[in-house]
Each structure stands twice: as structure tokens, then as C-alpha cells.
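This report looks at a single protein chain, taking one polar residue as its starting point and moving outward from there. Please keep the sequence and the structure in view while reading.

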Amino acid sequence: MRNPVAQREAWKAVAEALAKRNPAAAVRWVSSIEDRYHRTEALSKIVSVSLQRDPAKAAEAFALMPDTPRKGMHVEAVMGHLTRQDPQAAASWVREHLHGSIRDQAMAGVVSVFNLVDKDSLMQRTLRKTAQNPVKVIGF
């Protein structure tokens with residue numbers, strides 16, 4: 001009988017090595033894994049490794065993951081990288097590829113990172129709105 005821990009670690013090691021060399025090939029390879037649990041573990045590793053090299057491929061691997069707590073752990077990291085590159089594209093990607101609570105969590109991450117990246121612009125918009133209608137902005 002196979003050792004399940006060793007088997008899981010082996011899938012993750014292969015995913016990591018492949019993602020370091022060729023994230024696109026890693027995403028294609030992971031589709032061949034039949035076992036859902038092992039596929040999810042490998043996708044998780046591909047997402048983690050690919051974020052720095054190829055955020056688009058990391059996002060592609062992320063989209064392939066089933067909606068599980070494991071996927072939820074990656075939302076902030078994936079959205080942070082995508083949003084810093086192109087906030088509008090990140091928001092569009094979320095709308096197109098994600099659903100349910102993961103989508104809500106991802107969109108919150110996009111907004112959060114966008115607000116950090118675009119602080120000056122956000123401040124300017126807030127000041128303009130306040131000057132136009134201070135009562136409405138304050139909430140009265």
C-alpha cells in the first residue's frame with residue numbers, strides 16, 4: 001500500500017519543479033491528475049510558485065482549483081499580484097472566472113489592493129465627492 005503523505009508530497013514536488021521551469025506546462029500537466037485531492041494540492045503549489053514568475057498562469061491554476069478552503073487561502077495573494085499589474089483586468093478576471101464566496105473574497109482583495117496602490121487617486125476622488133456633497137458622503 002502507498003503512503004498517502006509521501007504520495008501527496010511527491011505530487012507537490014513535481015508541481016513545484018515544473019512551475020519553476022514552465023508555469024504553462026505545469027498548468028497543462030495538472031489537468032492529467034485524476035485524483036481531486038492530489039490535483040488540488042498540485043494546483044496550490046503551482047499557484048504559490050507561479051505568482052512571482054507568471055501571475056497570469058498562477059491565476060489560471062487558481063481558477064482550476066475547486067472552491068475549497070485551500071483555494072480561499074490563495075485569494076489574497078493571487079488578487080494582489082494581478083491587481084498591482086492591472087486593476088481593471090484583475091476585476092474583469094474575477095467576474096469571469098470565479099463564483100460564490102470565493103468571487104466575493106477575490107473582489108474584496110482587488111478593491112483592497114487597488115485602494116492601497118491608488119491611494120492618491122482614491123484620496124482625490126473622496127475629496128472631490130466631499131466638496132460636491134459633504135452631507136451625502138458623510139452618510140447623513
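## Surroundings of S50

In this predicted model, S50 is in contact with A19, P23, P55 and A58, when its neighbours within four places in sequence are left aside. S50 itself is found in helix α3, and because its relative accessibility is 0%, S50 counts as buried.

Where does the polar side chain of S50 find a partner? A polar atom of that side chain lies 2.8 Å from the backbone oxygen of I46. I46 is in turn among the residues with the most contacts inside the largest nonpolar core, and the next section turns to that core.

## The nonpolar core

The largest nonpolar core has 31 residues, and those with the most contacts inside it are I46, F62, V78, M79 and W93. Each of the helices α1 (4–21), α2 (23–30), α3 (36–53), α4 (55–64), α5 (69–85), α6 (87–97) and α7 (100–117) supplies at least two residues of this core, while α3 gives the most to it, with 6 residues. As a general background, nonpolar side chains tend to be buried together in soluble globular proteins.

W93 shows what such a position looks like in detail: not counting residues up to four places away in sequence, W93 touches A59, E60, F62, A63, M79, L82 and L98. Among these partners, F62 and M79 are also listed with W93 as residues with the most contacts inside the core.

## The two sides of helix α6

W93 is one of the buried residues of α6, which are A90, A91, W93 and V94. These residues are on the same side of α6 because they cover an arc of only 160 degrees around the axis. On the other side of α6, Q88 and E96 are exposed.

## Salt bridges

The structure holds 5 salt bridges. One of them involves E60, a contact partner of W93: E60 forms a salt bridge with K57, the closest N and O atoms being 2.8 Å apart. Both E60 and K57 lie in helix α4, 3 residues apart, about one turn of the helix. With a relative accessible area of 34%, E60 is partly exposed, and K57, at 22% relative accessibility, likewise counts as partly exposed. Elsewhere, salt bridges that share partners join R8, E9, K12 and E41 into one network.

Within that network, the side chains of R8 and E9 meet in a salt bridge with an N to O distance of 3.4 Å, and the side chains of E9 and K12 meet in another, at 3.6 Å, N to O. E9 and K12 are 3 residues apart in helix α1, so they are separated by about one helical turn. In general, an α-helix has 3.6 residues a turn, so residues three or four places apart point the same way. How buried or exposed is each of these side chains' residues? R8 counts as partly exposed at 22% relative accessibility, and E9 counts as partly exposed at 36%, whereas K12 is buried, because its relative accessible area of 18% falls under the 20% cut-off.

How values were computed: Residues numbered from 1 in each chain as written. Predicted model: local features only at pLDDT ≥ 70, side-chain atom pairs only at ≥ 80, totals over all residues. Heavy atoms only, no water. Core = buried A, V, L, I, M, F, W, Y, C linked by side-chain atoms within 4.5 Å. Buried < 20%, exposed > 50% of the residue type's maximum accessible area, 1.4 Å probe, protein only. Helix = DSSP H or I, 4+ residues; strand = E, 2+ residues; numbered from the N terminus. Contact = heavy atoms within 4.5 Å. Polar contact = N/O pair within 3.5 Å; in protein donor to acceptor, adjacent residues only side chain to side chain. Salt bridge = Lys/Arg side-chain N within 4 Å of Asp/Glu carboxyl O. Arc of directions from axis to C-beta.
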